[in-house]
Amino acid sequence: MVSLVKLSMEEGLRTNQFYVVYQPQFSLRSNRLIGFEALLRWSHPVLGQIPPSDFIPLAERNGFIDTLGYWVMDTAIREFMSLAQRGYKLSVNVSVLQFQREDFVDRVVYLLRERGFPLEFFVLELTESEPIQRGASFLAMMRSLKSHGITVYIDDFGMGYSSLDYLNFIPVSALKLDRSFVSRVLWDASSRYLLSDIVALARRHKLQVIAEGVETREQVDFLRTRDCDIIQGYILSKPIVIAEVPLFLRAFYSNYNKWF
Ligand code: C2E
Ligand code: CA
Ligand code: CA
């Protein structure tokens, strides 16, 4: 079963069933769009659109995540180049399992340099879907990323296996709050307290807080009052293919006043 899925993923890569979409991230501090997150899509000829929440865990289990992860990075780096040259950051999701390959950082840096992509405009969003040994080599890789100017965000902070000791040991620059959490803050008091705690924690560690899955104006206003730094979600845009980004940017900036 596992190898069947792997086979169809290999076939999918060979026959262009995979593609990347991009979702904008907006700074509540500067009132500017600062970057885009790359999200993987699989359009299967028989099964239709398969959500990444279904196939990423399978790829993690069958070992295909390495190949898929590099493909996403390579594709996004290539597609996003002109946007990076205009000052937008590119975030790519990376499974913590990808760090189990010792040459992970070298390969990422090689990809970026080969394409001439500015390293300081490249971000890795790290999710920990499984607990891994965060030993000396993991730490060394995280530090090496930083020394190359590559930024790391902790994705879905506070969920899964992401743990607080990250903040003391690895150089990250932002915590991302999951959509399920953000959707609760307006009506659930305990989530609101937790949000204040997370923002305070982030400030102590000089980290930014990014709220994802922001869908309403009320959420934007609320997150502003709670000192959240960056938002992402359908209120700005659904994830779009790269060809749609220029149109989005034009529409966004012509409607700019709405964001103040
Ligand atoms: P994530 O990194 O937490 O990404 C955010 C998810 O929320 C995306 O789902 C996005 O489309 C969705 N979303 C964003 N704003 C809104 C909103 O306002 N409302 C609603 N309802 N949804 C919103 P998506 O694209 O289905 O991705 C799901 C997860 O799959 C991602 O969660 C990420 O963990 C994983 N993933 C996606 N692409 C990759 C990849 O290239 N590599 C790895 N390792 N994981 C990936
Ligand atoms: Ca993410
Ligand atoms: Ca999430």
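**Two calcium sites and a ligand pocket**

In this predicted model, the calcium ion (ligand 3) is coordinated by D156 (OD), D178 (OD) and E212 (OE) at 2.0 to 2.2 Å. Donors are N, O and S atoms within 2.8 Å of the metal, or 3.2 Å for Na, K and Ca; water is not among the atoms, so sites may look incomplete. Along the chain, the donors of the calcium ion (ligand 3) have the spacing D-x21-D-x33-E. Distant parts of the chain are linked by the pair D156 and E212, which are 56 residues apart: D156 is in the loop between β6 (151-154) and α6 (165-169), and E212 is in the loop between β8 (208-211) and α9 (217-225). Helices (H or I, at least four residues) and strands (E, at least two) are DSSP runs, numbered from the N terminus.

The two residues of this pair were assessed for accessibility. D156 is partly exposed, at 22% relative accessibility, whereas E212 is buried, with a relative accessible area of 13%. Buried means under 20% relative accessible area, exposed over 50%, and partly exposed in between, with a 1.4 Å probe and protein chains only. D156 also has a positive phi, near 50°, in a residue other than glycine.

Residues are numbered from 1 along each chain as its sequence is written, while chains are lettered from A and ligands numbered from 1 in the order in which they are written. Local features need pLDDT of at least 70, side-chain atom pairs count only at pLDDT 80 or more, and totals for chains, interfaces and linings use all residues, while side-chain values use heavy atoms, with hydrogens and water left out.

The calcium ion (ligand 2) is separated from the calcium ion (ligand 3) by 5.7 Å. The protein donors of the calcium ion (ligand 2) are E37 (OE), N93 (OD1), E125 (OE) and D155 (OD), at 2.2 to 2.3 Å. Their spacing along the chain is E-x55-N-x31-E-x29-D. E37 lies in strand β2 (residues 32-44) and D155 in the loop between β6 and α6, so this pair ties together parts that are 118 residues apart in sequence. E37 is buried, with a relative accessible area of 4%, and D155 counts as buried at 5% relative accessibility.

Two donors of the calcium ion (ligand 2) also have side-chain contacts within the protein. The side chain of E37 makes a polar contact with the side chain of N93, at 2.8 Å. A polar contact is a pair of N or O atoms within 3.5 Å; within protein, one must be able to donate a hydrogen and the other to accept it, and residues adjacent in sequence count only if both atoms are side-chain atoms. E125, in strand β5 (residues 122-127), is buried with a relative accessible area of 0%. Its side chain makes a polar contact with that of K176, at 2.9 Å.

Ligand 1 has 20 residues around it, of which Q23, R41, E212, E215 and Y234 come nearest. A residue is near a molecule or strand if one of its heavy atoms lies within 4 Å of it. E212 is also a donor to the calcium ion (ligand 3). A nitrogen atom of ligand 1 lies 2.4 Å from an N or O atom in the side chain of E215, and a nitrogen atom of ligand 1 is 3.1 Å from a polar backbone atom of L40. An oxygen atom of ligand 1 is 2.7 Å from a backbone N or O atom of Y234. The protein covers 87% of the 800 Å² of accessible area that ligand 1 has on its own; accessible areas come from the Shrake-Rupley method with a 1.4 Å probe, and for residues, only the protein chains shown count as cover.

The elements that give two or more residues to the shell around ligand 1 are β2, α2 (52-62) and β4 (89-95). The largest share, four residues, comes from β2, the strand in which E37 also lies. In α2, F55, A59, E60 and N62 are buried. Just after α2, G63 takes a positive phi of about 85°.

A positive phi is also found at D227, about 70°, although D227 is not a glycine. D227 is in the loop between α9 and β9 (230-232). At 32% relative accessibility, D227 counts as partly exposed.
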